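Subject: Handing over a structure, with notes

Hello,

Here is the structure I promised to pass on to you. Please open it beside this message, and then read on for what turned up in it.

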Amino acid sequence: MIDEAVGRAELILHLRRQSVASVKVLSAMERVPRSMFLRAAEQPLAYKDRALPIECGQTISQPTVVAMMTEALALTGAERVLEVGTGSGYQTAVLSHLAARVVSVERFEALSGLARERLTVLGLRNVTLLVADGAEPLGGEPLDRVLVTAAAQDLPSPLLDALSPGGVLVAPIGPADGVQTLTRWTRSDEGVRTEALAAVRFVPLRRGVRLAH
Ligand code: SAH
């Protein structure tokens, strides 16, 4: 049995030592019990700075990477955010504390269902979970922020097209089985600026939805 509060506090101290500077991001992460997003076997490792396996052969991202991606989005609290790759729902929960609304899409229906249960228990009501291929055009209003948590060799163009003026998109770009570059796109009146942020490793973005049963 791990002590939740101690585990989370130690993780936050570790993130600060890793140069995560945003107090808002740190306190959002302190509010989310990462153990709740894991299977029993992985729960003892919940507050280690490690990516861990989750259901459907996917992974929950490493906490420093979650912090880095969340910081890179520069959220003020007013934004509508799209996350592609709900996975466990952990990153979704962190975003929900920092944005006005979060829409998160996942291609595995089973993962989306588990994430829904967890986010409901946590009482996070500004989140909408959808089972969909996040590389397809979603329609709807322009998005202020987009976070892709699965790696693609090339950014699916519908995601960049959906970005509103002033919008920010963060995604890992690179090979499925190698090191990828966490990349940030910022749309302004002058065009789109692209920045390389860090070397990362994510599970690949895959096409099509996978229904349970
Ligand atoms: N943010 C997650 C990380 C999950 S790993 C977390 O905190 O746990 C990436 C997830 O992206 C996987 O669950 C995978 O199934 C999903 N994914 C991959 N390709 C996708 C696509 N085209 N559309 C939606 N989700 C996708």
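One definition first: a residue counts as buried under 20% relative accessible area, as exposed over 50%, and as partly exposed in between. Please also keep in mind that this is a predicted model.

**Salt bridges**

With that cut-off in hand, have a look at Arg8. Its relative accessible area is 17%, so Arg8 is buried. Its side chain meets that of Glu4 in a salt bridge, with 3.1 Å from N to O. Glu4 has a relative accessibility of 25% and is therefore partly exposed. Both residues belong to helix H1 (residues 4-17), where they sit four residues apart, about one turn of the helix.

The whole structure holds eight salt bridges. Another of them brings together the side chains of Glu42 and Arg39, at 3.4 Å from N to O. Here the acidic partner is the buried one: Glu42 has 13% relative accessibility, while Arg39, with a relative accessible area of 34%, is partly exposed.

A further salt bridge is formed by Arg145 and Glu79, whose closest N and O atoms are 3.6 Å apart. This pair links distant parts of the chain, since Arg145 is in strand E6 and Glu79 is in the loop between helix H3 (63-72) and strand E3 (80-84), 66 residues apart. Arg145 is buried at a relative accessible area of 9%, and Glu79 is buried too, at 7%. Elsewhere, Asp133, Glu136 and Arg207 are joined into one network by salt bridges that share partners.

**Strand E7 and its neighbours**

How many of the 11 residues of strand E7 are buried? Nine of them are, so this strand (residues 163-173) is largely enclosed by the rest of the structure. On one side, E7 runs parallel to strand E6 (residues 143-148), and four bridges join the two. You can find this pairing at Leu143, whose bridge partner in E7 is Leu163.

E7 also pairs with strand E8 (residues 180-188), this time in the antiparallel sense and over six bridges. A good place to see that is Leu169, which has Trp185 in E8 as its bridge partner. The hairpin of E7 and E8 has six residues between the strands, and in it Gly174 takes a positive phi near 155 degrees. As you follow the strands, it may help to recall that in a regular strand the side chains alternate between the two faces of the sheet.

**The ligand**

Around the ligand there are 26 residues, and those that come nearest are Ser88, Glu106, Asp133, Gly134 and Arg206. Asp133 is thus a residue to look at twice, as it is also part of the salt-bridge network with Glu136 and Arg207.

Which backbone atoms should you look for beside the ligand? A backbone N or O atom of Arg206 is 2.7 Å from a nitrogen atom of the ligand. A polar backbone atom of Gly85 is 3.1 Å from a ligand nitrogen, and one of Gln91 is 3.3 Å from a ligand oxygen. Taken alone, the ligand exposes 580 Å², and the protein buries 100% of that.

**On the surface and in the loops**

There is a nonpolar patch on the surface, formed by Val131, Val209 and Leu211, with about 250 Å² of accessible area together. Leu211 lies in the segment after strand E9 (191-200). With a relative accessible area of 58%, Leu211 passes the 50% mark and so counts as exposed.

Two residues other than glycine have a positive phi that you may want to check. Cys56 has a value of about 60 degrees and lies in the loop between strand E1 (52-53) and strand E2 (59-60). Its relative accessible area of 31% makes Cys56 partly exposed. Ala74 has a phi near 50 degrees and is found in the loop between H3 and E3. At 43% relative accessibility, Ala74 is partly exposed as well.

Finally, Gly123 lies in the loop between helix H5 (109-121) and strand E5 (127-131). Gly123 is partly exposed, with a relative accessible area of 39%. Its C-alpha atom is separated by 10.0 Å from that of Ala93, 30 residues apart along the chain.

Enjoy looking around, and do write back with any questions.

Best wishes

Notes. Residues numbered from 1 in each chain as written. Predicted model: local features only at pLDDT ≥ 70, side-chain atom pairs only at ≥ 80, totals over all residues. Heavy atoms only, no water. Patch = residues over 30% accessible without salt bridge, like charges linked within 9 Å, V, L, I, M, F, W, Y side chains within 5 Å. Areas by Shrake-Rupley, 256 points an atom, 1.4 Å probe, with all protein chains shown as cover. Salt bridge = Lys/Arg side-chain N within 4 Å of Asp/Glu carboxyl O. Buried < 20%, exposed > 50% of the residue type's maximum accessible area, 1.4 Å probe, protein only. Near = heavy atom within 4 Å. Polar contact = N/O pair within 3.5 Å; in protein donor to acceptor, adjacent residues only side chain to side chain. Pairing = 2+ DSSP bridges.
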